[in-house]
Amino acid sequence: MTEVAVLGVGMHPFGKFEDKSVTDLCRSAVTAALADAGVSWREVEAVAAASSRFSGGKGWGLNGNDVVEDMGSTGIPVYNLSAGCSAGGNAFNIGCTLVASGLHDVVLVVGGEKMPKGFIQTSGVEEATDPEFLRQRCVGVSGPAFWGMLCRRRMEDFGTTEEHLAKIAVKAHANSVHNPYARFRKPFSMEQVLTSPMVCFPLRLYEICPVSDGAAAAVLCSARFARQKTTKPVWVASSAVATARFDDGITRHVAAASPTGPTLHSEAKIAVEKAFERAGLGPRDMSLVELQDNTVYYELAFPEEWGLCAPGEAERLVERGETGPTGRLPINPSGGFQSFGEATTAMGVFQVAELTWQLRGEAGGRQVPQAKAGLGQTIGLGGNATAVVLKR
Amino acid sequence: MTERIPVIEGLFTEGPEGPRLLGSRCVTCATPYFPKSLACHNPSCTEGRMEDAAFGPRGVLFSSAVQNYPPPPPAKYDEPYRPYAVGMVDLAEGLRVLGRIDTPDPSALRGGTPVELSVGHLYRDTEGRDVVTWQFRPC
Ligand SMILES: [Zn+2]
C-alpha cells in the first residue's frame, strides 16, 4: 500500500444558484482543485464521485460521468458512490483506495449538489414496503423532529440548555465570517438565534442547517507523484466507511429492534474509531474536527461518542468557548453545515477541503493555530457514515 | 357516520382488548419487529424462524419533539396545520417505536413518562374519510 496525499482541493461557494447546473458547480470545484494541485485534467486517471439524489447524474446518480463528459471524455474509469449524505465521504474513501492500492497515481474525488427548496424529503417512493415512506406517512417525523427527539433526551440527561444550543450556532457563524465559500457570512447574536422560529421543539431555525447548492473536489495522488509536485503535501492518515450496528438504539425506520439505550449513531462511532485506529492516532492528536452539524445537537453528542471529551463535558467546552478555532477542541472552524447549508452529497469532500486548508495554514481568520491533524466525519441515510483523518 | 380507515392496512389492530401493533418476533433469538419482518436481521441469530406477534399497549417515552412546521411529503395533514408531538416509545416487549404522542401540551412531555398505545386521527382524505394511525398517550 502506498501513502496517499491530498494534492489539491477546490470548492464552489455554497448558496442558491438558480442559473447553474450541478455540473457547472462541479466544474468550478474541479478546476480549482486541479489548479491547486498543479495537475492537468489529462493527468487524472480515475474519478470517484458522490451520486446525487436530487440533481444531475442523468437521474441515475451518474454525477461522475457528467463531470468527465464536461471536463473532456478521456476514457478514464468513473466510480459513482451512493450513500445519502455520506456519499462524498464514500467517494473520498474509494478515491484513496484506488491510489493506495497502486492502481492509479492521480484520482479526482468530487461531490456536488443542487438541492430542492425546503426541508429534505427523505423518501422517494410511495410504497408500504419502504421504511422511510412508512415513517413519514404514518407518523410524520421530519429530519429536524428526529434530531429534536435526540436533543430533548440529552437536555434531560445532561441539563443542556437552550443557551448551549444557541451558543454553538453563534460560534459557527462567527467562524463563517472568515470563510469566503460560506453561504451565510455574517455574525449571529445569541438573541437572534434564541428568537428564531421553532422548527421542531427544542430546535430552532438557526440551530439546524438549511439546504444549499454547492460542490467540492479533491485531487488525490500517490506519495511518489506528490513529491514531484510539492515539498509539503497533506497526507491521508486514514479513511474509513461504516454502517450502523443492529443493536443501535435509534429508530431508523418506524421501530428499532434493539433499544439498548446509549448506543446511538453507531455508524459514525465505528467509522471514526476505525479511522483513528488505522491512522495510529487518537482523539487527543486531533487539532480540529469537521463534523456533520446538521443540527447543533451533533456538536454535543458526537465529540463524546468518539472519545474527544467525556460524557456531559461537551456543554462545558461550549460554555468556555473551547470549540472555537483557538480553543482546546476546535469544531467546524469552516463554519460547518450551519453556515454553508447542506449540499448533501458534497459534504464529505467539503470537509476534506477545509481540513486541507487548515493543515496548510491557509485558513485565514478561522485558522486553527499549528494544526497538525484533523478529523472529518459524515453520516447519511441508510445508516452510512465515513471518517477521514488528514495530517501534515 | 364518517368512514374510518387505517393509514396502511395490517400495521395495527383495534381488537376487544384494545389497540395492538402487528409485527413479528424471531422464535430463535426473540427479537421483535414492527412492521412484520420475513427474516430476522440480528447478525448473531443462528436460525431466524419468524412468528406473528402483537405489541403494546404499555410503554415508556424515551424522548419526544414537536413538529412545529408542516413536514414534507409523503407526510399528510389537515389544513390548517396544527403542530403535534412525536416520540420514541420503548414498549414492554423490547421494541422502540416512533409514534405521535397525543397530548394537549407537546413541549411539556418528558422522557420516562409511561404511555399507552392508541389509534387516532391522522388526516382526512380527499373522500372525506378519517384516516387513522397508531399513536401513544401519557397514562
Ligand atoms: Zn433471530
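This passage describes a zinc site in chain B and a pair of packed helices in chain A of a predicted model.

In chain B, the zinc ion is bound through the SG atoms of Cys26(B), Cys29(B), Cys40(B) and Cys45(B), which lie 2.3 Å from the metal. Along the chain these donors are spaced according to the pattern C-x2-C-x10-C-x4-C, and two of them, Cys40(B) and Cys45(B), are both buried. The angles subtended at the zinc ion by the four donor atoms run from 104 to 115°, and the arrangement is therefore tetrahedral. For reference, the ideal angle for four tetrahedral donors is 109.5 degrees.

In chain A, helix α6 (residues 162-176) packs against helix α10 (residues 296-305), with axes that come within 8 Å of each other and cross at roughly 100°. Because angles of 65 to 115 degrees count as roughly perpendicular, α6(A) and α10(A) are assigned to that class. On the side of α6(A), the contact is formed by Leu165(A), Ile168(A), Ala169(A) and Lys171(A), while α10(A) contributes Val296(A), Glu299(A) and Leu300(A). Classified by residue type, this contact comprises five nonpolar and two charged residues, with no polar ones.

Helix α10(A) is itself largely enclosed by the rest of the structure, since ten of its ten residues are buried. Among these buried residues are the aromatic-bearing positions Tyr297(A), Tyr298(A) and Phe302(A), as well as Glu299(A), Glu304(A) and Glu305(A). Just after α10(A), Gly307(A) adopts a positive phi of about 80°.

Methods. Residues are numbered from 1 along each chain as its sequence is written. Chains are lettered from A and ligands numbered from 1 in the order in which they are written. This is a predicted model: local features need pLDDT of at least 70, side-chain atom pairs count only at pLDDT 80 or more; totals for chains, interfaces and linings use all residues. Side-chain values use heavy atoms; hydrogens and water are left out. Donors are N, O and S atoms within 2.8 Å of the metal (3.2 Å for Na, K and Ca); water is not among the atoms, so sites may look incomplete. Four donors count as tetrahedral if all angles lie between 85 and 135 degrees; four count as square planar and six as octahedral if opposite donors are over 155 degrees apart and all others between 65 and 115; anything else is irregular. Buried means under 20% relative accessible area, exposed over 50%, partly exposed in between (1.4 Å probe, protein chains only). Axes are lines fitted to C-alpha atoms, for helices over the stretch in contact, and angles run from 0 to 180 degrees between N-to-C directions. Helices (H or I, at least four residues) and strands (E, at least two) are DSSP runs, numbered from the N terminus. Angles under 35 degrees count as roughly parallel, over 145 as roughly antiparallel, 65 to 115 as roughly perpendicular and the rest as oblique. Contact means heavy atoms within 4.5 Å. Ala, Val, Leu, Ile, Met, Phe, Trp, Tyr, Cys and Pro count as nonpolar, Asp, Glu, Lys and Arg as charged, and the others, Gly among them, as polar.
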